[in-house]
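Subject: Structure for you to look at

Hi,

Here is the structure I promised to pass on. Have it open while you read, and follow along in the viewer.

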Amino acid sequence: MPDVLYDIIIVGGGPAGLGAALYTSRDRYRTLILEKMIPGGQIFNTDRIENYPGIPRIDGPSLVDQMQKQVESFGTEIKTGSEVTDLKRMEDGRIEVRCHEDRYIARAVVLAPGSSYRKLGVPGEEEFRNAGAGVSYCGTCDGPFFRDKEVVSVGGGNTAIEETLHLAKYASKVTLVHRRNEFRADKILVEEMLAKVGEPDSNLVIHYDSVVTAIQGEGRVQSVRLKNVKTGSEEDYPCDGAFIFVGMVPNTGFLSGIVDLTEQGFIRCDSAYLRTSMPGVFVAGDCRVGATMQLITAVADGVNTAMMIKQYFRDPQWWKRAAASVGETVGW
Ligand SMILES: Cc1cc2nc3c(=O)[nH]c(=O)nc-3n(C[C@H](O)[C@H](O)[C@H](O)COP(=O)(O)OP(=O)(O)OC[C@H]3O[C@@H](n4cnc5c(N)ncnc54)[C@H](O)[C@@H]3O)c2cc1C
């Protein structure tokens, strides 16, 4: 069968991929999304989103449904159940994309395979996994749903501390559970948090040398099981929610040795144009270095790649240009 040539192939049908597809297909570029499961990505799993401009409140599946219909109305093809396994730049500059045995060719590729939250792997975590039931991995997204409630947050890095401080703006009490007695987060953040803990009537408490071994409740989170790793003592700790901030794992295993990745597996790119180390291959969303892990920034990344692809199609030599200096007009 002769190869079908696409202008753009997008790897991953989450918000970043759908954002890119909206612009490329509306610009009449032949666009294919290869999605290993069904479209939507992480946002499909939430029952409430309140921080997407213009939409006061919506559940993930409804938003995804609208995004999918919108890109399809402009001609984007979406192949579900299509896991991308390999990528190669051919001699003529086009990119070959493989999904196991299937082969597709494109003039440019957007990598948008996203990331997954690292799990604690304790009983109850899966059962209560969504903000409505009480387990969340994003304080920025779900903190406002816990106004005047008591929550536990878990972790010791920058994200854990930033998100714990954010939660303290809403919750009546936030208990940070940390497995060590020192934080690996930036000193300035740790100092800010410790100052807040020291305030009179502070709603922030830290449990050092402790881990959560179970998340418990009837229908929704009512307590976590805490274990002190030094003494071995355990207790049931009442709370309305458990926020887990123990890292993100980018879905980029298949790209190892193909494009440059950070030690943690995030795709390296230039922050201005989102170009990866492989000419013709761009990156968008939670899988890239410096991602802010939000719905709207993932969509915005996708849109930015679509705009940059036009530059690249107009003049492939553009790829070699250094990122625009401040004030330079990129010009489309
Ligand atoms: C429960 C939950 C609630 C959230 N709530 C909010 C919120 O309220 N507000 C907010 O701003 N953000 C929220 N977020 C974060 C937001 O969902 C993410 O920042 C956003 O989805 C990232 O989009 P993405 O397209 O980069 O990646 P993803 O959403 O991770 O999508 C990546 C897609 O790529 C596919 N894929 C992966 N590997 C391959 C491969 N090899 N081949 C083909 N396809 C592949 C995946 O199946 C997935 O569909 C939430 C996240 C979760 C988990």
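First, a term you'll need: a crossing of two helices is called left-handed if the near helix is turned anticlockwise from the far one by less than a right angle, and right-handed if it is turned clockwise. Please also keep in mind that this is a predicted model.

Let's start with the overall layout. The protein is divided into domain 1 (5-116 + 248-320) and domain 2 (119-244). Their C-alpha centres lie 32 Å apart. Where they touch, seven residues of domain 1 are in contact with seven residues of domain 2. On the domain 1 side of that contact you'll find four polar and three charged residues, and no nonpolar ones.

**The helix pairs**

Two packed helices are described by the angle between their axes and the distance between the axes. Try that on α4 (residues 158-167) and α5 (residues 187-197): they pack at an angle of about 35°, and their axes are 10 Å apart. So which hand does this crossing have, left or right? α4 passes α5 in a left-handed crossing. From α4, the contact uses Asn158, Ile161, Glu162, Thr164 and Leu165, and from α5 it uses Leu189, Val190, Glu192, Met193 and Lys196. Sorted by class, the residues of this contact are five nonpolar, two polar and three charged.

Now look at α1 and α6. The axes of these two helices come within 7 Å and cross at roughly 40°, and the crossing is right-handed. Among the residues in the contact are Pro15, Ala16, Gly17 and Leu18 of α1, along with Ala298, Val299, Ala300 and Gly302 of α6. This contact divides into 13 nonpolar, five polar and one charged residue.

**Around the ligand**

Both α1 (15-26) and α6 (295-314) turn up again here, since each supplies at least two residues of the shell around the ligand. Which residues come nearest to the ligand? Of the 37 residues around the ligand, the nearest are Gly12, Gly14, Gly41, Gly114 and Gly285. By class, the shell has 18 nonpolar, 15 polar and four charged residues. Domain 1 and domain 2 each contribute at least three residues to the shell.

**Two sheets to find**

One is an open sheet of five strands in the order β8-β15-β9-β10-β11, with parallel pairing. Its edge strands are β8 (135-136) and β11 (204-207), and each of these pairs on one side only. Inside the sheet, β9 (residues 150-154) and β10 (residues 173-177) pair in the parallel sense over five bridges. If you want to check one bridge yourself, pick Glu150: its partner in β10 is Lys173. You'll also meet α4 again, because this helix lies across β9, β10 and β15 (241-244), running at about 170° to β9.

The other is an open sheet of three strands in the order β12-β13-β14, and here the pairing is antiparallel. The edge strands are β12 (210-216) and β14 (234-238), each pairing on one side only. From one strand to the next, the twist averages 30°. β12 and β13 (residues 223-228) pair in the antiparallel sense over six bridges. One bridge to look up is that of Ala214, whose partner in β13 is Arg225.

**Something to try**

Go back to the two helix pairs and view each with one helix in front of the other. You should be able to see the left-handed crossing of α4 and α5 and the right-handed crossing of α1 and α6.

Have fun with it!

Definitions and conventions
Residues numbered from 1 in each chain as written. Predicted model: local features only at pLDDT ≥ 70, side-chain atom pairs only at ≥ 80, totals over all residues. Axes fitted to C-alpha atoms, helices over the stretch in contact; angles between N-to-C directions. Helix = DSSP H or I, 4+ residues; strand = E, 2+ residues; numbered from the N terminus. Contact = placed C-beta atoms within 7 Å. Nonpolar A, V, L, I, M, F, W, Y, C, P; charged D, E, K, R; others polar. Domains from an automatic or database assignment. Pairing = 2+ DSSP bridges. Near = placed C-beta within 6 Å.
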